[in-house]
Amino acid sequence: MKYIGACFILLLMSMSSLAEAEFGIPALTFEPQANGSGRYTVTIQILAIMSTLTILPTLLIMMTSFTRIIVVFSILRQALGLQQTPSNQILLGLALFLTMFIMKPVFNVINETALQPYINEEILPLEALNRASIPIKNFMLAQIREDDLTLFVRLSGEKDIASPAETPIHILIPAFVTSELKTAFQMGFMLFIPFLIIDLVVASVLMAMGMMMLSPIIISLPFKVMLFVLVDGWAMVIGTLAASYGF
């Protein structure tokens with residue numbers, strides 16, 4: 001369980017393993033090492049990697065900045081009053097590439113400390129996973145609120161956790177996701193305020209003019225879109241999201 005944070009690199013590891021594989025390799029061969037440990041053949045490693053690919057989408061959502069970004073984008077779309085514009089595909093694509101931008105320093109550390117030594121056959125797969133989990137845990141710890149971490153530590157019943165760095169990954173993940181949702185909703189609330197003011201002003205004007213049958217949304221939508229464009233809203237939102245992670 002403690003190695004789940006490093007599953008991002010397994011896909012890249014498989015490329016190296018595939019390059020070394022040859023026809024006729026036995027399905028199950030254990031190679032003992034000098035230090036008493038051992039490793040399985042490339043065939044078994046590829047099977048494990050392909051099995052891990054099924055949980056990669058969950059890892060991407062739960063252990064990176066993706067959750068905060070996509071929630072903020074969804075709230076922004078609701079605040080503007082645009083139900084289907086931008087489309088879900090556009091928002092997901094933008095959130096994915098922004099996640100790659102924010103997570104690049106973490107992935108660089110994983111590449112230098114775990115992936116490259118594994119490709120060069122300097123370390124075994126389990127050691128590579130252990131090294132790769134460290135920067136992922138450090139990233140999550142930097143974003144987790146203390147009260148959220150305390151809550152899940154208490155719920156887990158763990159008594160031997162002396163510091164946040166010693167927290168198991170199965171406790172870090174729910175605490176991290178909870179903290180990300182809190183931060184995303186706080187940012188979404190701040191986004192809603194200016195658009196809510198426009199809706200209130202338009203609704204008040206229509207009521208004063210006796211146009212009660214006309215939906216305020218029809219009138220306020222162009223003003224909200226114009227305001228968002230004039231203040232360069234997309235750049236502000238994306239910049240704020242990136243800055244919330246230290247950029």
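Biologist: Which residue with a positive phi follows helix 9?

Modeller: In this predicted model, the residue that follows helix 9 has a positive phi, near 55°. That residue is D232.

Biologist: How far does helix 9 reach from its first C-alpha to its last?

Modeller: Helix 9 covers residues 216-230 and has 15 residues. At 1.5 Å a residue, the expected value is 21 Å, and the helix comes close to it, with a reach of 21 Å.

Biologist: Within what arc do the buried residues of helix 9 fall, seen down its axis?

Modeller: The buried residues of helix 9 are S220, K224 and F228. An α-helix has 3.6 residues a turn, so residues three or four places apart point the same way. The buried residues of helix 9 line one face of the helix, because they fall within an arc of 75°.

Biologist: Are I218, V229 and L230, on the other side of helix 9, buried or exposed?

Modeller: The buried residues of helix 9 have a cover that includes helix 4 (66-80), helix 8 (169-208) and helix 10 (233-243). On the other side of helix 9, by contrast, I218, V229 and L230 are exposed.

Biologist: Turning to helix 7, which residue makes a polar contact of 2.8 Å with the side chain of D148?

Modeller: D148 lies in helix 7 (residues 146-156), and its relative accessible area is 3%, so D148 counts as buried. Beyond its neighbours within four places in sequence, D148 is in contact with A175, T178, S179 and K182. Its side chain makes a polar contact of 2.7 Å with the side chain of S179, while the polar contact of 2.8 Å is with the side chain of K182.

Note on methods
Residues are numbered from 1 along each chain as its sequence is written. This is a predicted model: local features need pLDDT of at least 70, side-chain atom pairs count only at pLDDT 80 or more; totals for chains, interfaces and linings use all residues. Side-chain values use heavy atoms; hydrogens and water are left out. Helices (H or I, at least four residues) and strands (E, at least two) are DSSP runs, numbered from the N terminus. The expected span of a helix is 1.5 Å times one less than its number of residues. Buried means under 20% relative accessible area, exposed over 50%, partly exposed in between (1.4 Å probe, protein chains only). The arc is that of the directions from the helix axis to the C-beta atoms. Contact means heavy atoms within 4.5 Å. A polar contact is a pair of N or O atoms within 3.5 Å; within protein, one must be able to donate a hydrogen and the other to accept it, and residues adjacent in sequence count only if both atoms are side-chain atoms.
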